[in-house]
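User: I'm new to this one and would like a walk through it. Could you take my questions one at a time?

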Amino acid sequence: MGKTRVARTGNEAMAEAIRQINPDVVAAYPITPATEVMQIFATYVADGLVDTELVPTESEHSAMSAAIGAQVAGARTMTATSSQGLALMYEMLYIAAGLRLPLIMAEVNRALSAPINIHCDHGDTMGGRDAGWIQIFSENSQEAYDNLIQAVRIAEHSDVLLPIMVTTDGFIISHAMEDIDIYSDGEVRDFIGTYKPLQPALDYKKPITVGSIDFVDYYFEHRRALAQAMSNAKNAILEVGREFGSKFGQEYGFYEAYKLDDAEVAMVCLGSTAGTGKDAVDNLRKRGIKAGLLKVRVFRPFPAEELAARLKDVPQICVLDRSDALAATGGPLYAELLAAMFEDRADHTVINRIYGLGGRDIKVGEIEELLSSQVSAAAGGKSIDRIGYLGVRE
Amino acid sequence: MSNLKQLATRQAPLCGGHRACAGCSAPDVVRQVLMASADPVVVGSATGCLEVSTTIFPYSAWNVPFVHSAFENAGASVSGMEAAYKSLKKQGKIGDEKINFVAFGGDGGTYDIGFQSLSGAMERGHNMMYVCYDNGAYMNTGIQRSSATPRGAMTTTSPVGKVIQGKQQQRKDLTACMVAHEIPYVAQTTPAHWRDLNAKVEYAFSIEGPKFMNVLAPCRLGWGYPMELTMDMCRLAADTCFWPLYEVVEGQYKLTYTPKEKKPVEDFLKPQTRFRHLFRPENEHVIAEIQQEVDRKWERLQKLCTL
């Protein structure tokens, strides 16, 4: 297996994956911080390095609409966006899923307006969490690259046929350079295989009607089938993650557990904060606090049973959400994880801290302080706020 | 152009049994446009009457590939299909038979909510035809005014009240907007002028690049005329010069129909209940304004045709 060690930003890593995937069509519109993905990819198109037809649309709504048209026609299709761009696509995200199209998106997490802000949080991706897209978060450039390659196989899996977004954290990952392993074009192409659309609309000899109107007699069945596809995606994600591991070395599942086995306190998070959290865990362990970390890689489908099982024996849990559901009940990761853990009836204290909105930095020391104070509160029998905010001026 | 006998032998791209109203002109527009293609077609559509009345699951009235995804994106959606065709053909993943890509949208989906998507698709130069079936209001949701609704028309959002009576604004000239895009082909016609429509579509399919057709599509429910008069309404629109038939090829204007005698616009307005209130004495000035506007645009068009 041919690996090359190179320095790449998150955006460069994603653009490289898209070049290797060599999609038939890419439709996109510029938006910070995802712009660069398409900028780099456009140079590949201009230099004839890919077979892709690039459709540079006049809006993200049209980018997703053109992508849907292309995928319906029978083309393997990709796009990239962030923030307001993803928000402008929301209507079409639901339709891409409802039409069961395995579209692939590179999504660079960025805060939503207002106030306008170009930096990282997960509010944009969370806004699309019930749209029927598989959502995979990446901790770093390597994962962004690996996840995008796996995304093709997961989305196109015959039990799934759902659109997928692979996310990185805006600027923190998208614009930060790291050493990553790039695999050879041939191996990536062997891994993803060729796209064989079931019923391409371009096959005029077998004309199909796409996007029919359902009344009360069929809509529910179609949505039920969609829900089943999302459940089926769990097996596909594991299957593809294992195969990726056997081929390229790094296996992927629903989550990554770090020093969790004997942990008395664990933080749970998505994306790049896991890197910061691992340092905090190491420091806490040096101080004698048995800390651990659970990085959730797959948010949709939500691996509820698996996450709950992995956290079953951890008494103190702190869920860090980089978005606020504005529901007066904490962040989305917290709400879903809490629901998942309800069944185990174990004696946990699960708290939630919303942090890092609009790119507010989260520091190793802050996480250490947070986890150690949770441990001392528990030891001293003191109560602790279940839901709160970290790193904000109140 | 094909003669009637030739056209009659082609398989109908849209079969009967759909749920469009009796007297609806939209299916006529679709049949005439698609039957003018000697090559296979792939169709995209905006949400609207046409789409909901022809695709009630598990049935479909379409004998050709038909793709609908949303209301405001027929331009973008078909541009994506055309890009897929180009890419797959170039890579040898599909055969190299010519396919004509056609987008259909009503005036709501074209003049209003889908205007940007249409503009973008035309500017990018996709080899596709966009056909607006213009019935002059949001008929699918129950006759609300659009930017294509003519001055004075009563709709459910421009009702006839005690103070305000019907739509206050003149309609947007979308055909002119599309001419301003400087695309290879722009035309305006009606399904009653089937030779004209057929000739325009056949020509448009013979050239590369983006094409736009604005086709008047009377709606008996929204306009309020007896259902058997649909084609008469088209003829009256053309004979009063309310809806001139013309084409613009590479920027050159050409009238394709000149009425022997230009009829007063009242002849077009009178049979339609949406204009009934205009015939009250206090509203005579509105009819005069409409006539003035028709005259102004007709004269301008004639001048453009001499350039």
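What follows is a set of questions and answers on a predicted model.

User: Which ipTM and pTM go with the model, and what is the mean pLDDT of chain B?

Analyst: Keep in mind that this is a predicted model. For the whole model, the scores are ipTM 0.97 and pTM 0.98. In chain B, 100% of the residues reach a pLDDT of 70 or more. The mean pLDDT of chain B is 97.

User: Where the two chains touch, which helix of chain B gives the largest share of its side?

Analyst: The contact draws 38 residues from chain A and 40 residues from chain B. On the chain B side, strand 1 (41-45), strand 2 (66-68), helix 4 (74-90) and helix 6 (115-123) each bring at least two residues. With 13 residues, the largest share of that side is from helix 4 of chain B.

User: And how many charged residues are on the side of chain B that touches chain A?

Analyst: Sorted by class, the side of chain B that touches chain A holds 21 nonpolar and 16 polar residues. The count of charged residues there is three.

User: Helix 3 of chain A packs against helix 4 of chain B, so are they parallel, perpendicular or oblique?

Analyst: Two packed helices are described by the angle between their axes and the distance between the axes. Here the axes of helix 3 (residues 60-73) of chain A and helix 4 of chain B are 6 Å apart, and the angle is about 45°. Helix 3 of chain A passes helix 4 of chain B in a right-handed crossing. Given that angle, helix 3 of chain A and helix 4 of chain B are therefore oblique.

User: What kinds of residues meet there, and how many are charged?

Analyst: Helix 3 of chain A uses residues including A:S62, A:A66, A:G69 and A:A73, and helix 4 of chain B answers with residues including B:A76, B:G80, B:A84 and B:Y85. By class, the contact of these two helices has twelve nonpolar and six polar residues, and the number of charged ones is: none.

User: Strand 9 of chain A pairs with strand 2 of chain B; which residue stands opposite A:V210?

Analyst: Strand 9 (residues 209-210) of chain A and strand 2 of chain B run parallel, with two bridges joining them. Within strand 2 of chain B, the residue opposite A:V210 is B:V67.

User: Chain A has an open sheet of seven strands; which strands stand at its edges?

Analyst: The strand order is 3-2-4-5-7-6-13 in chain A, with mixed pairing. An edge strand has a single partner strand, so one side of it is left without a neighbour in the sheet. Neighbouring strands here are turned by 20° against each other on average, direction ignored. The edges are strand 3 (53-56) and strand 13 (298-300) of chain A.

User: Inside that sheet, what is the bridge partner of A:M78?

Analyst: Strand 4 (residues 77-81) of chain A runs parallel to strand 5 (residues 104-109) of chain A, and four bridges join them. In strand 5 of chain A, the partner of A:M78 is A:I104.

User: Which helix packs on the sheet, touching strand 5, strand 6 and strand 7 of chain A?

Analyst: Its direction makes about 170° with that of strand 7 (164-169) of chain A, and strand 6 (134-137) is also touched. This is helix 6 (residues 141-156) of chain A.

User: How do helix 10 and helix 11 of chain A lie, roughly parallel or roughly perpendicular?

Analyst: The axes of helix 10 (residues 304-311) and helix 11 (residues 332-342) of chain A are 8 Å apart. A:A304, A:L307, A:A308 and A:L311 in helix 10 of chain A meet A:L337, A:A340 and A:M341 in helix 11 of chain A, and by class the contact has seven nonpolar, no polar and no charged residues. At an angle of about 75°, helix 10 and helix 11 of chain A are therefore roughly perpendicular.

User: Which peptide bonds are cis, one from each chain?

Analyst: In chain A, look at the loop between strand 5 and helix 5 (123-127), where A:P115 is found; in chain B, look at the loop between helix 3 (49-54) and strand 2, the place of B:P58. Omega is near -5° for the chain A bond and near 10° for the chain B bond. The cis bonds are A:A114 to A:P115 and B:F57 to B:P58.

Methods
Residues are numbered from 1 along each chain as its sequence is written. Chains are lettered from A and ligands numbered from 1 in the order in which they are written. This is a predicted model: local features need pLDDT of at least 70, side-chain atom pairs count only at pLDDT 80 or more; totals for chains, interfaces and linings use all residues. Two residues are in contact if their C-beta atoms, placed from the backbone, lie within 7 Å. Ala, Val, Leu, Ile, Met, Phe, Trp, Tyr, Cys and Pro count as nonpolar, Asp, Glu, Lys and Arg as charged, and the others, Gly among them, as polar. Two strands pair if DSSP finds at least two bridges between them. pLDDT is the predictor's confidence in each residue, from 0 to 100. Axes are lines fitted to C-alpha atoms, for helices over the stretch in contact, and angles run from 0 to 180 degrees between N-to-C directions. Angles under 35 degrees count as roughly parallel, over 145 as roughly antiparallel, 65 to 115 as roughly perpendicular and the rest as oblique. A crossing is left-handed if the near helix is turned anticlockwise from the far one by less than a right angle, and right-handed if clockwise.
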